[in-house]
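Trainee: Please take me through one part of this predicted model in detail. I would like the listed binding site and what surrounds it.

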There are 2 protein chains.
Amino acid sequence: MRRSLAIALATSVIGLPAFADDLRDSALATFKPLPSTVPAVAENPITPEKIELGKALFFDPRLSASGVFSCASCHNLATGGDDNMETSIGHGWQKGPRNAPTALNAVLNEAQFWDGRAEDLKAQAKGPVQAGVEMANTPENVVVTLKSMPAYTEWFAAAFPGEADPVTFDNMARAIEAFEATLITPAPFDAWLNGDDAALSDDAKAGLALFIDKGCSACHSGVNVGGHGYYPFGLVEKPGAEVLPAGDKGRFKVTETASDEYVFRAAPLRNIALTAPYFHSGKVWDLPVAVEIMAESQLGEALKPEETVQIVAFLDSLTGALPEITVPALPPETATTPRPTQKIE
Amino acid sequence: MRRSLAIALATSVIGLPAFADDLRDSALATFKPLPSTVPAVAENPITPEKIELGKALFFDPRLSASGVFSCASCHNLATGGDDNMETSIGHGWQKGPRNAPTALNAVLNEAQFWDGRAEDLKAQAKGPVQAGVEMANTPENVVVTLKSMPAYTEWFAAAFPGEADPVTFDNMARAIEAFEATLITPAPFDAWLNGDDAALSDDAKAGLALFIDKGCSACHSGVNVGGHGYYPFGLVEKPGAEVLPAGDKGRFKVTETASDEYVFRAAPLRNIALTAPYFHSGKVWDLPVAVEIMAESQLGEALKPEETVQIVAFLDSLTGALPEITVPALPPETATTPRPTQKIE
């Protein structure tokens, strides 16, 4: 209500429509609205059976050695697809090395993880399951666990028809990718890109204009407003060690190329208002502060307070609607299901 | 299909209808089908607003000091309302003292916890939030956390209309109780109690007859097939220390009465097939073994193998349908939200 009124006023006073069209043209050259259908993924045809299986697996804590953690523990769909922690807590109360990225819209990222070391979600999904500080499981134990429950055997057969031995670690990852492909969250920004002038406040539109003009969109562009391309954190000026710890050299670890030291994938910014704390280090809780750090370190810009407010208003317009996800009823363990172990190796 | 055929055969051969009616009369004198509406609870009128708020709280890991655990962590609605662990893992990877009971249908228990120390779910809900080995939070910190998020303030106002200061620890517990009251899981046994002869297999019916005749239903009765009344574990013969550890004296800790040593509330048996491992100690993973231990320790009976099979078939008929629960979209933290702490005090 208040929003429509503000637009109406702005329209009559400063002739917003022409500006809005210019801004939209410029935005559409840089960004893209979310699709209305489940995105296709490489070498993994998505079917309803695969999505349902993937949902069960995503929510199943028995993928972890301890039985404590599921994918949904650190990628909590109720809290923006992440865990609202500096870095995640995993097996044995160990702390992970980097802030958990959101699973929402992640299928549309060019690559996965902060350093892009997994080319897609089916490659990504296998990482945390095996990481000692996360789920601390092994592919062999996962397969034995899943095969011990007749319902899973049926679900894998339905999701991977014609395969002689469908219950595999790779198929687990494919099914999880299929479910994650449904986690698309259309936001006011999409409505606006699609032509609904009233979907963005004046502040959000001003923030969008700043986001483009100042150069933020040079890295944070495309359908996920980021999530593709690698850039040094501290292009103009390195932030302090509390935000950019010296020990984590980012993509250097993947490519072993000196120029990739402290290089990270540009963070996808959809639902950013839901996913504090920020940066790979998870050291900054406040979105306006994160925006200011980015402006200084990447662009050498000291934002005026009202500019920060407007950019944050634009970022707020990237908060989307969660799809309806019902809690799955998982099959019970059987006599042959490996028992959870909380021991730390 | 197979089930109806079996019934038809049995009917023509041994005149099952009369037997079924006798058994049903006898069962209805001991058990009760689940209600088709949300049960009323004492001093806590249930409204849609309170249920919605309670669902958000139930799923919110920010009720724990660490941000790792929500109610749904140990009472996982995807896995039978419990966590499939001997005893739960909580703050700092500490192990809880007793097996987590299911939250499903718990509203219909006479009292809560294995020793009945909470008279209802609104009393129960306050326990784990404060327990050092579980969520390790304080009522004060919970209230500050909830008040820091404007959406919660609105939701509490809608759920507790007319209250000057609705965001309280007690109201948190009331809302959680209201949500939990919706966790009712009608099962084949209910359909059969309600008159559907085909809802139970012959084995399940024979198991039900044994369950009554042998005396199991002397303790495990009522709508939850247990969940009310306190009985010594090992009435006839104490099970071994691995199942009944000497250190946990059960209800004795609540009443400090010598006769309450090793006394526990009769476990409610709905969804028991989903909630291994069994007993307050969580030491037995296999349902048939648990049934045999009970028969020996409580009734002095050595069950024949086929009797165990039939009783387990009856217990399987208590596995119900999970209500449709959609993952809530929780509000984001703000600048005044207390940050999670993983420190162990």
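Mentor: What follows starts at the binding site and works outward.

The model is predicted, so every statement here is about a prediction. Start with the record. An unreviewed UniProt entry lists Cys71(A), Cys74(A), His75(A) and His91(A) under "binding site". From this set, Cys74(A) belongs to the lining of the largest cavity. Such annotations may be inferred rather than shown by experiment.

Take Cys71(A) next. Cys71(A) sits in helix H4 of chain A, which covers residues 71-74. Is Cys71(A) buried or exposed? Its relative accessibility is 12%. The cut-off for buried is under 20%, so Cys71(A) counts as buried. Now look past its neighbours within four places in sequence. Cys71(A) then has contacts with Leu57(A), Phe58(A), Met135(A) and Ile176(A). Keep Leu57(A), Phe58(A) and Ile176(A) in mind, as these partners of Cys71(A) come up again below.

His75(A) is in a loop. That loop runs between H4 and strand S1 (89-90) of chain A. His75(A) has 15% relative accessibility and therefore counts as buried. Which residues does His75(A) touch, leaving aside neighbours within four places in sequence? They are Phe58(A), Gly81(A), Asp82(A), Ala100(A), Pro101(A), Thr102(A) and Ala103(A). Phe58(A) is thus a contact of His75(A), and Phe58(A) is also a contact of Cys71(A).

Now the helices behind those contacts. Helix H3 of chain A spans residues 48-58, and helix H9 of chain A spans residues 169-180. Their axes come within 7 Å and cross at roughly 100°. Angles of 65 to 115 degrees count as roughly perpendicular, so H3(A) and H9(A) are roughly perpendicular to each other. On the H3(A) side, the contact is made by Lys50(A), Ile51(A), Leu53(A), Gly54(A), Lys55(A), Leu57(A) and Phe58(A). On the H9(A) side, it is made by Met172(A), Arg174(A), Ala175(A), Ile176(A), Ala178(A), Phe179(A) and Glu180(A). Leu57(A), Phe58(A) and Ile176(A) take part in this helix contact. Leu57(A), Phe58(A) and Ile176(A) also touch Cys71(A).

Turn to chain B for a close view of Phe58(B). Phe58(B) is in helix H3 of chain B, residues 48-58. At 1% relative accessibility, Phe58(B) counts as buried. Phe58(B) and Ala72(B) are 14 residues apart in sequence. Their C-alpha atoms are 6.1 Å apart in space. Again leave aside neighbours within four places in sequence. Phe58(B) is then in contact with Ser70(B), Cys71(B), Ala72(B), His75(B), Leu77(B), Ala103(B), Ile176(B), Phe179(B) and Glu180(B). Cys71(B) and His75(B) are among them.

How are the two chains related? A rotation of 180°, with 0.0 Å of shift along its axis, superposes chain A on chain B at an RMSD of 0.0 Å. The two copies are thus related as by a two-fold rotation axis. In chain A, Thr326(A) has the C-alpha nearest that axis, 2.1 Å from it. Of the interface residues of chain A, 100% are also interface residues in chain B, so the copies meet through the same surface.

Next, the wider setting of the site. The unreviewed UniProt entry lists residues 49-180 and 202-319 of chain A under "domain: Cytochrome c". Residues 49-180 of chain A are 41% helix and 3% strand, with end C-alpha atoms 14 Å apart. Residues 202-319 of chain A are 35% helix and 5% strand, with end C-alpha atoms 17 Å apart.

Finally, some backbone details. In chain A, a cis peptide bond joins Ala276(A) and Pro277(A), with omega about -5°. Pro277(A) lies in the loop between strand S4 (263-265) and helix H13 (287-299) of chain A. Asn271(A) is in the loop between S4 and H13 of chain A. Phi of Asn271(A) is near 60°, a positive value in a residue other than glycine. Asn271(A) counts as buried, at 0% relative accessibility. In chain B, a cis peptide bond joins Ala276(B) and Pro277(B), with omega about -5°. Asn105(B) lies in the loop between strand S2 (94-95) and helix H5 (121-124) of chain B. Its phi is near 60°, also a positive value in a residue other than glycine. Asn105(B) is buried, with a relative accessible area of 0%.

Notes. Residues numbered from 1 in each chain as written. Chains lettered and ligands numbered in written order. Predicted model: local features only at pLDDT ≥ 70, side-chain atom pairs only at ≥ 80, totals over all residues. Heavy atoms only, no water. 1 Å grid on protein atoms, 1.4 Å probe; cavity = no way out; pocket = protein on both sides within 12 Å on 5 of 7 lines; lining within 4 Å. Helix = DSSP H or I, 4+ residues; strand = E, 2+ residues; numbered from the N terminus. Buried < 20%, exposed > 50% of the residue type's maximum accessible area, 1.4 Å probe, protein only. Contact = heavy atoms within 4.5 Å. Least-squares fit on C-alpha atoms with pLDDT ≥ 70 in both. Axes fitted to C-alpha atoms, helices over the stretch in contact; angles between N-to-C directions. Parallel < 35°, antiparallel > 145°, perpendicular 65-115°, else oblique.
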